[in-house]
Amino acid sequence: MLKRIVTAVGLLAVVFASVFWLRMYSLIATDIIIMAFALVGGYEMFKSLRKKSVTRVVVDVNFVSDGKSSYKVSEFKLQPMLIPIALCMVIIYPLIYFFKELGLVVTLAVATIISLIIMVVKHKEYSISDVGATVFNIVYPILIMSILVIMNHSKMGLLSIFSTFAVVVLTDTMAFFVGITCKGPKLCPNVSPKKTISGAVGGVLGGILGMVIVYLLFCQFNLFNYMNNGELNYIFSNIPLNLAVMLPLGAICSVIAEFGDLAASIIKRKIGIKDYGNLFPGHGGVMDRIDSFLAVIPVMYIVFAICERFV
């Protein structure tokens with residue numbers, strides 16, 4: 001428990017330093033932190049997908065003489081392709097930096113085409129399942145995490161990134177502490193045996209609390225006024241920040257964050273691993289820390305992109 005808490009505090013210190021200190025001097029410095037999480041997470045997913053065989057059961061529609069259906073069990077290994085994933089890791093940041101959303105599309109298109117070419121050239125070694133695993137590896141987590149770079153350079157970069165981190169961090173924290181304190185019925189025992197319904201409810205309350213904190217820091221305490229940059233002027237001049245909008249957003253994103261956590265747990269269970277990595281003591285790897293973020297980032301991006309376009 002102590003190791004887990006110490007590691008969490010250290011991670012939060014790095015995140016907040018990159019967002020609220022380094023970002024004052026250089027947006028690229030924050031980009032580097034974001035891309036480091038995206039690329040390391042992508043590498044962990046690549047290793048995890050290749051680690052273990054997947055059992056496939058094929059049921060024969062024909063019946064044998066005793067009236068029972070016949071079936072056969074086979075095993076195959078997912079083989080995400082290294083070359084498209086590595087190329088994606090190299091080109092994604094320059095493309096996003098210069099072309100924003102179009103950069104995401106181009107990166108995915110190039111990686112997919114190269115995956116198909118490799119499958120054609122090495123058709124005895126790779127199958128369409130391997131192409132799917134490759135594209136999945138690129139999208140989850142690399143492309144999704146990279147959306148934060150686009151948010152970082154937007155007119156509401158500070159608010160959007162702060163809101164994302166506040167909701168996810170408070171959701172995870174409240175879910176953990178409420179769950180171990182109140183316990184009670186399990187939420188999804190076949191997926192994640194430790195998660196409880198009480199923890200899930202606590203997580204939603206944490207997401208709401210996260211948006212309350214955002215509202216207080218930006219609108220009541222004026223904590224970021226010392227930064228005196230164009231982002232804040234744009235936000236306060238154009239965005240009607242009020243709890244009637246922010247509280248539902250916090251609740252919705254909190255639920256989505258918990259589903260993202262469960263989805264990552266299902267992936268680990270299906271490929272037979274406990275953690276995606278061991279980089280952070282008591283927390284596993286990068287993927288184990290950003291799984292909730294990966295579900296929330298697209299939602300926050302859409303919400304703030306709409307605000308930026310129509311306010």
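## Starting with Ala 86

Is Ala 86 buried, partly exposed or exposed? Its relative accessibility comes to 33%, so Ala 86 counts as partly exposed. Keep in mind as you look around that this is a predicted model.

You'll find Ala 86 in helix α3, which covers residues 82–99. For a sense of how the chain folds back on itself here, look at Tyr 43: it sits 43 residues away from Ala 86 along the chain, yet the two C-alpha atoms are separated by 9.0 Å.

## A greasy patch on the surface

Helix α3 also turns up in a nonpolar patch on the surface. The patch is made of Ile 28, Ile 32, Tyr 97, Phe 98, Phe 99, Leu 102, Val 105 and Val 106, and together these residues have about 780 Å² of accessible area. The elements that give two or more residues to it are α2 (27–49), α3 and α4 (101–121).

Phe 98 is one of the patch residues, and its place is in helix α3. With a relative accessibility of 62%, Phe 98 counts as exposed.

## Rings that pair up

A pair of aromatic rings is described by how far apart the centres are and by the angle between the planes. How many aromatic pairs does the structure hold? There are six. Take Phe 176 and Phe 177: their ring centres are 5.1 Å apart and their planes meet at 80°, so this pair is edge-to-face. Phe 176 is partly exposed, at 24% relative accessible area, and Phe 177 is partly exposed too, at 38%.

Phe 98 comes back into the story here, since ring pairs link Tyr 93, Tyr 97 and Phe 98 into a cluster.

## Helix α6 and what follows

Does the length of helix α6 agree or disagree with the span expected from its residues? The helix runs over residues 157–182, which makes 26 residues. At 1.5 Å a residue it should span 38 Å, and its end C-alpha atoms are 37 Å apart, so the two values agree.

Right after α6 comes Lys 183, and its phi is positive, near 55°.

## Three salt bridges

Side chains of opposite charge can pair when their charged atoms come close. In this model the count comes to three salt bridges. One of them joins Lys 195 and Asp 261, with the closest N and O atoms 3.2 Å apart. This pair links distant parts of the chain: Lys 195 is in strand β4 (residues 192–196) and Asp 261 is in helix α9 (residues 243–271), 66 residues apart. Lys 195 is partly exposed, with 25% relative accessible area, while Asp 261 is buried, at 16%.

Helix α9 has a part in another bridge, between Lys 268 and Asp 288, where the closest N and O atoms are 2.9 Å apart. Because Lys 268 lies in α9 and Asp 288 in helix α10 (residues 286–310), the pair ties together parts that are 20 residues apart in sequence. Are these two partners buried or exposed? Lys 268 is buried, with a relative accessible area of 12%, and Asp 288 is buried as well, at 5%. Elsewhere, the side chains of Lys 274 and Asp 275 meet in a salt bridge at 3.6 Å, N to O. Here Lys 274 is exposed, with 70% relative accessible area, and Asp 275 is partly exposed, at 29%.

Methods
Residues are numbered from 1 along each chain as its sequence is written. Side-chain values use heavy atoms; hydrogens and water are left out. Helices (H or I, at least four residues) and strands (E, at least two) are DSSP runs, numbered from the N terminus. Buried means under 20% relative accessible area, exposed over 50%, partly exposed in between (1.4 Å probe, protein chains only). The expected span of a helix is 1.5 Å times one less than its number of residues. A salt bridge is a side-chain nitrogen of Lys or Arg within 4 Å of a carboxyl oxygen of Asp or Glu. Patches are made of residues with over 30% relative accessible area and no salt bridge: like charges are joined within 9 Å, nonpolar side chains (Val, Leu, Ile, Met, Phe, Trp, Tyr) within 5 Å. Accessible areas come from the Shrake-Rupley method with a 1.4 Å probe; for residues, only the protein chains shown count as cover. Rings of Phe, Tyr and Trp (its six-membered ring) pair if their centres lie within 6.5 Å; planes under 30 degrees apart count as stacked, over 60 as edge-to-face and the rest as tilted.
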